[in-house]
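User: I am new to this structure. Please take a close look at a single part of it, and set that part in the whole.

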Amino acid sequence: MGISKHTAISLLSILLLANSVTVISQQDTVQEAFLQCLLDNSHPSHPISSAIFTPQNSSFSSVLQSYIRNLRFNDTTTPKPFLIVTALHQSHIQAAIVCANKHDLQMKIRSGGHDYEGLSYVSIVPMFFVLDMFNLRTIDIDLAMECAWVQTGAILGEVYYRIAEKSKTHGFPAGVCPTLGVGGHFSGGGYGNMMRKYGLSVDNIIDALLVDVNGRLHDRKSMGEDLFWAIRGGGGASFGVILAYKINLVRVPEVVTVFNVSKTLEENATEIVYKWQHVAPTFPEDLFVRLILDVVNSSSSTGGKTIRASFISLFLGDSKRLLSIMNESFPELGLSESDCIETSWIQSVLYWTNFPVNTSAEVLLDRTPQTLTFLKRKSDYVKEPISKDGLEWLWKRMIELGPLELIFNPYGGRMAEIPASETPFPHRAGNLWKIQYLTNWNEAGAKAADHYLNLTRKLHGYMTGFVSKNPREAFLNYRDIDLGINHNGKASYWEGRVYGIKYFKGNFNRLVQIKTKVDPGNFFSYEQSIPTLPH
């Protein structure tokens with residue numbers, strides 16, 4: 001006599017439940033063993049217990065959320081780590097690596113939490129933990145040698161502030177967002193508004209401290225030149241945990257000049273943008289003029305929408321010399337003396353962060369961003385100017401789509417002089433500017449996210465004819481999982497090659513070789529890490 005359909009379903013439900021209980025029990029066992037391993041490997045003089053947070057700890061959620069910079073990854077459905085290690089000492093990093101290796105656990109490494117896709121604290125792997133670096137933020141400046149050791153848990157604002165404390169004539173060429181974490185920004189080839197003068201952050205790094213897959217601490221000499229090359233633009237989280245970077249400070253004048261001038265289509269923006277394409281990459285290297293394009297309400301009597309082109313600049317010099325350059329090379333913008341603000345380099349950092357120029361520099365020590373939104377970013381590189389007809393077509397597409405921005409960052413200068421193979425960051429000579437696609441929104445939920453993600457992807461698609469090809473290049477620090485995801489299985493190399501060639505071009509192969517040598521078991525892996533060579 002057979003069993004009834006109802007009985008069969010009940011038995012299946014019991015089996016599935018029993019199986020899920022077994023899996024949960026196994027996960028609990030692994031987690032408990034991992035936690036015990038951390039405690040067992042704790043250095044007596046630097047106990048790790050106070051650095052460990054689990055969901056049972058009342059502070060767990062606040063610790064996790066305090067460095068989430070994209071609200072898309074801060075809701076109840078976002079995968080959560082089972083544990084966070086807020087390292088207070090290098091021995092905590094070493095213990096985390098040794099124990100994660102022993103128990104085959106994925107470790108995410110977070111410094112400032114600005115990964116646009118949340119890959120420093122979210123995972124497609126069911127069981128993972130976060131090594132959070134924010135406590136390791138010491139900045140040791142040696143003005144006599146014009147260099148500094150900076151721990152990777154520091155933010156850029158802290159770096160700039162500490163430099164300015166010591167000198168009015170030194171700075172560092174890194175990002176214009178002061179809450180960016182040093183670890184991800186530097187290791188991914190972060191740039192700022194002095195890149196045409198001094199190159200990228202990675203072009204000014206001279207040493208590093210890294211903990212490898214075996215828990216050993218290395219400096220440049222002991223890690224070797226290959227690994228040192230890889231962690232200056234190849235993304236540090238594929239190769240080890242970077243504890244600190246040694247940077248060369250750069251010279252800045254006591255007086256710099258900034259301006260922000262906007263023009264709409266009704267104010268001849270098309271002609272001005274067309275000319276910007278030809279002059280911005282060829283200006284003297286002291287001058288950086290960023291272009292931001294967005295959709296705004298038209299002030300014309302007919303109403304409707306228009307395009308606004310905003311030209312934001314840093315000039316390493318006084319306004320008199322700046323006006324001379326602009327009047328000669330870019331008179332179309334109509335820059336006047338009243339548009340120009342002379343200030344110090346540290347105050348220019350505040351200006352670029354949308355603070356009033358007389359704001360106290362201490363605001364750079366605030367680790368909380370001015371605003372938090374849901375967001376999506378993408379990137380592109382442009383090698384030929386866009387025709388006026390092309391620009392006018394683009395304006396129409398942008399107005400159709402609505403709430404998006406394009407940010408054009410001009411290259412040339414020092415960026416065109418450094419060979420593409422000097423660091424893993426390959427986007428050097430031949431590029432006129434880099435594009436950042438920027439979409440922010442405030443509505444929560446999957447429906448809103450899908451809408452704005454789709455808008456961003458549409459604009460990216462519209463730009464296909466204007467940007468680099470074979471490959472269509474992308475910038476690692478503008479993380480974009482639309483380019484591909486690595487599941488770190490048998491197809492890891494081939495999955496990694498899809499996005500790797502776009503981020504690194506010809507440097508991808510060398511990165512893979514170095515990865516295979518220093519981390520053959522692919523312990524330092526995530527959704528867009530550098531893969532090992534296929535077996």
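Analyst: Here is a look at Ser 379, with the whole chain after it.

This is a predicted model, where local features need pLDDT of at least 70, side-chain atom pairs count only at pLDDT 80 or more, and totals for chains, interfaces and linings use all residues. Residues are numbered from 1 along each chain as its sequence is written, and side-chain values use heavy atoms, with hydrogens and water left out.

Ser 379 sits in strand 16, residues 374-382. Strands are DSSP runs of E, at least two residues; helices are runs of H or I, at least four; both are numbered from the N terminus. With a relative accessible area of 4%, Ser 379 is buried. Buried means under 20% relative accessible area, exposed over 50%, partly exposed in between (1.4 Å probe, protein chains only).

A polar atom of the Ser 379 side chain lies 2.9 Å from the backbone nitrogen of Phe 475. Phe 475 is also among the contacts of Ser 379 beyond four places in sequence. The others are Ile 435, Tyr 437, His 460, Glu 473, Ala 474 and Tyr 478. Contact means heavy atoms within 4.5 Å.

Now the whole chain. The protein chain has 15 helices and 18 strands. Buried residues make up 56% of its 535 residues. Of the contacts in the protein chain with a separation of 6 or more, 73% join residues 24 or more positions apart. The C-alpha trace spans about 90 × 65 × 45 Å along its principal axes.

Methods:
A polar contact is a pair of N or O atoms within 3.5 Å; within protein, one must be able to donate a hydrogen and the other to accept it, and residues adjacent in sequence count only if both atoms are side-chain atoms.
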